[in-house]
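The following exercises concern the structure shown below. Each task is followed by a solution that proceeds step by step.

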Amino acid sequence: MKLFTHNMLSSKSLEGVKVGYPLRIVAQDIRISRSEFNKEFVKNMISKLNWKVFVNAAAQIGLGKDLSDKLIDDFENNEEYLKKVHHLLLEVDIINGELICPETDRVFPISGGVPNLL
C-alpha cells in the first residue's frame, strides 16, 4: 500500500463511525523500490494530498522525519524536497501491517500490499 492510497482511505462507512480519518498505520513489512523521478507528477500529486496526514503517516512507519506538518513555500521549485516526497509517495510500499480506525480502534489488515477495509 502506498502512502498516497492511505491518504484517501477512511473507515467512515462503518456503523457508528462519523469521520474515520485518518487511519493509523502499524507497518510490519515495508518494501522500498526505486522509480524514476518525475517532477511534474510529484508536484501534481502534492496538491491532491492532505499534507499533514501524509507527513504523519510517513512518521508512523519511521520515515519522513525531515518533513514538517506544513508544506514549504515554493515547493514546486525545490527539487531536493520534491525528491523526498517522490520517495515517500512512489517508492515506499507497506506490504504487511494494519490500519486502525481512529474512532473505534477497529483493525484492518494490510496483506501483500493490499488494505482490507471490509
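**Exercise 1. Determine whether aspartate 93 is buried or exposed, and describe its surroundings.**

Solution. Aspartate 93 has a relative accessible area of 10% and is therefore buried; buried means under 20% relative accessible area, exposed over 50%, and partly exposed in between, with a 1.4 Å probe and protein chains only. The model is a predicted one, in which local features need pLDDT of at least 70 and side-chain atom pairs count only at pLDDT 80 or more, while totals for chains, interfaces and linings use all residues. Residues are numbered from 1 along each chain as its sequence is written, and side-chain values use heavy atoms, with hydrogens and water left out.

Next, locate the residue: aspartate 93 belongs to strand S2. Helices (H or I, at least four residues) and strands (E, at least two) are DSSP runs, numbered from the N terminus.

Then list the contacts, that is, heavy atoms within 4.5 Å. Apart from neighbours within four places in sequence, aspartate 93 touches Met1, Lys2, Asp29, Ile30, Arg31 and Ser33. With lysine 2, the side chain of aspartate 93 makes a polar contact of 3.0 Å. A polar contact is a pair of N or O atoms within 3.5 Å; within protein, one must be able to donate a hydrogen and the other to accept it, and residues adjacent in sequence count only if both atoms are side-chain atoms.

**Exercise 2. State the order in which the strands form the sheet, and identify the edge strands.**

Solution. The open sheet has 4 strands in the order S1-S2-S3-S4, with antiparallel pairing. Its edge strands are S1 (24–32) and S4 (114–115), each of which pairs on one side only. Two strands pair if DSSP finds at least two bridges between them; S1 and S2 (residues 92–100) are joined by 8 bridges in the antiparallel sense. Arginine 31 has aspartate 93 in S2 as its bridge partner. Helix H4 (residues 79–91) packs on the sheet and touches S1 and S2, with its direction at about 70° to that of S2. Axes are lines fitted to C-alpha atoms, for helices over the stretch in contact, and angles run from 0 to 180 degrees between N-to-C directions.

**Exercise 3. Characterise how H3 and H4 cross.**

Solution. The two helix axes come within 11 Å and cross at roughly 70°. H3 and H4 are therefore roughly perpendicular to each other: angles under 35 degrees count as roughly parallel, over 145 as roughly antiparallel, 65 to 115 as roughly perpendicular and the rest as oblique. At this crossing, Trp51, Phe54 and Ala58 of H3 meet Tyr81, Val85, Leu88 and Leu89 of H4.

The buried residues of H3 also pack against helix H1 (3–8), S1 and helix H2 (39–46), besides H4. One of these buried residues is Val55, whose relative accessibility is 4%. Leaving aside neighbours within four places in sequence, valine 55 is in contact with Leu67, Ser68 and Asp69.

**Exercise 4. Establish where asparagine 77 is placed and whether it is buried or exposed.**

Solution. Asparagine 77 lies in the loop between H3 (51–60) and H4. Its relative accessibility is 55%, so asparagine 77 counts as exposed. The side chains of asparagine 77 and aspartate 74 are joined by a polar contact of 2.6 Å. Between the C-alpha atoms of asparagine 77 and glycine 97, which are 20 residues apart along the chain, the separation is 35 Å.
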